[in-house]
Amino acid sequence: MSIEDKELIEQRFGLLWSGKTEISFQGGVRTFRDVKRALDLAGEDVMSIDLHELPSQKFAFRYYDGDDRRVVVLVCDAEGGIVEEYRAHIAEWLGELYYETGALAYDADAMLHLLRKKTEEGGASSFDPDRC
């Protein structure tokens with residue numbers, strides 16, 4: 001695990017939730033649901049974060065993989081093939097807060113909630129398990 005993975009993701013795709021919930025692509029609109037279906041990401045632990053339109057008829061889908069406990073970015077080409085993949089453990093964003101969560105670390109909804117809250121607060125960390 002390396003903080004460099006988080007930094008690479010943020011440098012290339014911006015802060016979490018800085019993208020869109022739908023994008024124009026190939027003459028149509030792609031939503032989270034469309035992208036998840038096309039990539040066969042049907043699990044309940046696959047939680048969408050954002051979409052990004054990229055040059056050269058590519059797009060990026062960023063999501064939280066609760067099973068792997070990682071933020072994932074898949075860059076896809078015009079045909080929907082994955083051409084790049086980036087993964088960074090959620091602890092890179094949450095720091096010590098991740099280790100304080102105990103069993104909640106296995107609850108994808110709770111982790112995404114903490115991640116979003118910390119992102120919105122600009123990195124402040126105060127863990128309250130009753131608020132998840």
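Is Lys20 buried, partly exposed or exposed, judged by its relative accessibility? I looked this residue up before the others. Lys20 has a relative accessibility of 43%, so I entered it as partly exposed. I note at the outset that the model is predicted.

**Entry 1: confidence**

I looked up the pLDDT of the protein and found an average of 88. A score of at least 70 is reached by 90% of the residues. I then looked for a weak stretch and found that pLDDT stays under 50 over residues 124–132. For that stretch the model has 16 contacts beyond four places in sequence. I shall not interpret these contacts, because predicted coordinates should not be read in detail where pLDDT is low.

**Entry 2: the partner of Lys20**

I searched for the partner of Lys20 and found a salt bridge with the side chain of Glu53, at 3.2 Å from N to O. Glu53 belongs to strand E3, whereas Lys20 sits in the loop between H1 and strand E1, so the pair ties together parts that are 33 residues apart in sequence. Glu53 is partly exposed, because its relative accessibility is 43%.

**Entry 3: other salt bridges**

I recorded ten salt bridges in a search of the whole structure. One of them joins Glu84 and Arg12, whose closest N and O atoms are 2.6 Å apart. Glu84 lies in strand E6 (residues 82–89) and Arg12 in helix H1 (residues 3–13), so this pair ties together parts that are 72 residues apart in sequence. Arg12 counts as partly exposed, at 39% relative accessibility. I also noted a network of salt bridges that links Asp65, Asp68, Arg70, Glu85 and Arg87. As background, I wrote down that side chains of opposite charge can pair when their charged atoms come close.

**Entry 4: Asp50**

Which residue forms a salt bridge with Asp50? I found Arg62, with the closest N and O atoms 2.7 Å apart. The pair links distant parts of the chain, twelve residues apart, with Arg62 in strand E4 (residues 58–65) and Asp50 in strand E3. Strand E3 covers residues 46–54. Both Arg62 and Asp50 are buried. For Asp50 I checked the value: the relative accessible area is 1%, and buried means under 20%, so Asp50 meets the cut-off.

I next looked up what else the side chain of Asp50 reaches, and found the backbone nitrogen of Trp17 at 3.2 Å. Leaving aside neighbours within four places in sequence, I listed the contacts of Asp50, among them Leu15, Trp17, Lys20, Phe32, Phe61 and Arg62.

**Entry 5: aromatic rings**

I counted five aromatic pairs in the structure. In one of them, the rings of Phe25 and Phe59 have centres 4.9 Å apart and planes at 75°, so the pair is edge-to-face. This pair also links distant parts of the chain, as Phe25 is in strand E1 and Phe59 in strand E4, 34 residues apart. Phe25 counts as buried at 8% relative accessibility, and Phe59 counts as buried at 2%.

How are the rings of Phe61 and Tyr63 arranged, and what is the angle between the planes? I found the pair to be stacked, with 5.1 Å from centre to centre and 25° between the planes. Phe61 and Tyr63 are both buried. Finally, I noted that ring pairs link Phe32, Phe61 and Tyr63 into a cluster. Phe32 and Phe61 had already appeared in my list of contacts of Asp50.

Conventions:
Residues are numbered from 1 along each chain as its sequence is written. This is a predicted model: local features need pLDDT of at least 70, side-chain atom pairs count only at pLDDT 80 or more; totals for chains, interfaces and linings use all residues. Side-chain values use heavy atoms; hydrogens and water are left out. Helices (H or I, at least four residues) and strands (E, at least two) are DSSP runs, numbered from the N terminus. Buried means under 20% relative accessible area, exposed over 50%, partly exposed in between (1.4 Å probe, protein chains only). A polar contact is a pair of N or O atoms within 3.5 Å; within protein, one must be able to donate a hydrogen and the other to accept it, and residues adjacent in sequence count only if both atoms are side-chain atoms. Contact means heavy atoms within 4.5 Å. pLDDT is the predictor's confidence in each residue, from 0 to 100. A salt bridge is a side-chain nitrogen of Lys or Arg within 4 Å of a carboxyl oxygen of Asp or Glu. Rings of Phe, Tyr and Trp (its six-membered ring) pair if their centres lie within 6.5 Å; planes under 30 degrees apart count as stacked, over 60 as edge-to-face and the rest as tilted.
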